[in-house]
Amino acid sequence: MPLKHVFGNLAVGKKLAGSFAVLLILLAIVSAVGILSLNDYNRGVLILKYANASEIALLEAERAEKNFTITQDTKYIQRAIKYLDEAKAAVIPLIDMQEAGGEDRQQTEQILDGVRSFEGLLKQYETSISGPADIARSLEKQMYSVAGSTIDSMEDLKEGEETELQDIYDLAVDGECSERARRRIRSVARSLWHDDHQPQRTDS
């Protein structure tokens, strides 16, 4: 029997109950998708926040190291260590937020290794700056190389997250289609109500 005839033979209460049951199911699905999308969006924002904090701290540490090179004032070493601690503190939550064994997890672990490597080289540099110039220059080059590759990794991580956030935003915009679907369900429910209350034509 055609679905239209089935609905036509139902009482008004059953029609409305069925229609609104479908509506509630669809609303529940849309709401669940919306919540998951919001969670993904919030996670992406946090990742960008921590990645930015870590990158800024590493750049500040690098600047402090350069000031130490110019002045040989150890206060800049302490300042650089402070910034490196901030960089590590920002990277650790990034690692925890990534799926174990995933590519992003490996990338964030490499970022943490890079920060630690820079810190180790910096401490060596502090003790060798008054020694042979070639050793100090070699350490400088190593620090710049480690800092550069680590910052590049941070930029790659942020770029990936920004792309994902844009995708989530696009899905949210497309969510207007879900709103149209909800309006359509409501329209169907009203139509069923209207059809049931239309005057029935009788044969004379």
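**A guided tour, starting at Q72**

Select Q72 to begin: with a relative accessible area of 48%, this residue is partly exposed. The term covers what falls between buried, meaning under 20% relative accessible area, and exposed, meaning over 50%, with a 1.4 Å probe and protein chains only. The structure is a predicted model, in which local features need pLDDT of at least 70 and side-chain atom pairs count only at pLDDT 80 or more, while totals for chains, interfaces and linings use all residues. Residues are numbered from 1 along each chain as its sequence is written, and side-chain values use heavy atoms, leaving out hydrogens and water.

**First stop: the loop at Q72**

Q72 sits in the loop that joins helix 2 (12–71) to helix 3 (75–97). Helices here are DSSP runs of H or I with at least four residues, strands are runs of E with at least two, and both are numbered from the N terminus. Although Q72 is not a glycine, its phi is positive, at about 60°.

Now display the surroundings of Q72. Which residues does Q72 contact, leaving aside neighbours within four places in sequence? They are N67 and I129, where contact means heavy atoms within 4.5 Å. Q72 and I129 are 57 residues apart in sequence, yet 8.1 Å separates their C-alpha atoms in space.

**Second stop: the whole chain**

Zoom out and colour by secondary structure. The protein has 6 helices and 0 strands, giving the pattern α-α-α-α-α-α along the sequence. Of its 204 residues, 31% count as buried. Among contacts with a separation of 6 or more, 75% join residues that are 24 or more positions apart.

A surface display shows the outside. The accessible surface comes to about 12,900 Å², and carbon and sulfur atoms hold 55% of that area. Such areas come from the Shrake-Rupley method with a 1.4 Å probe; for residues, only the protein chains shown count as cover.

**Third stop: E65 in helix 2**

Select E65, which lies in helix 2. This residue is buried and has no salt bridge. A salt bridge is a side-chain nitrogen of Lys or Arg within 4 Å of a carboxyl oxygen of Asp or Glu. How far from E65 is the nearest side chain of opposite charge? That side chain belongs to K66, 6.3 Å away. In assigning charge, Lys and Arg are positive and Asp and Glu negative, while His and the chain ends are not counted.

Show the contacts of E65 next, apart from residues up to four places away in sequence. E65 touches A80, F118, L122, Y125, E140, M143 and Y144.

**Fourth stop: salt bridges**

The whole structure holds 8 salt bridges. Select E55 and K158, whose side chains meet in a salt bridge at 2.8 Å, N to O. E55 belongs to helix 2 and K158 to helix 5, so this pair ties together parts that are 103 residues apart in sequence. Are E55 and K158 buried or exposed? Both are buried.

Stay on helix 2 and select R63 and E60. They form a salt bridge in which the closest N and O atoms are 2.7 Å apart. Because R63 and E60 are 3 residues apart in helix 2, about one helical turn separates them. E60 is partly exposed, at 22% relative accessibility.

Move to helix 3 and select K82 and E86, joined by a salt bridge at 3.0 Å, N to O. K82 and E86 are 4 residues apart in helix 3, so they too are separated by about one helical turn. K82, with a relative accessible area of 45%, is partly exposed, as is E86 at 37%. Measuring C-alpha to C-alpha in the viewer from E86 leads to A61, 9.7 Å away in space and 25 residues away in sequence.

Finally, select D85, K88, E119 and K123, which are linked in a network of salt bridges.

**Last stop: a negative patch**

Return to the surface and select D40, E164, D167 and D170, which gather there in a patch of negative charge. Patches are made of residues with over 30% relative accessible area and no salt bridge; like charges are joined within 9 Å, and nonpolar side chains (Val, Leu, Ile, Met, Phe, Trp, Tyr) within 5 Å. The place of a charge is NZ of Lys, CZ of Arg, CG of Asp or CD of Glu.

Which helix supplies the largest share of this patch? Helix 5 (residues 133–174) does, with 3 residues. D167 is found in helix 5 and, at 42% relative accessibility, counts as partly exposed.
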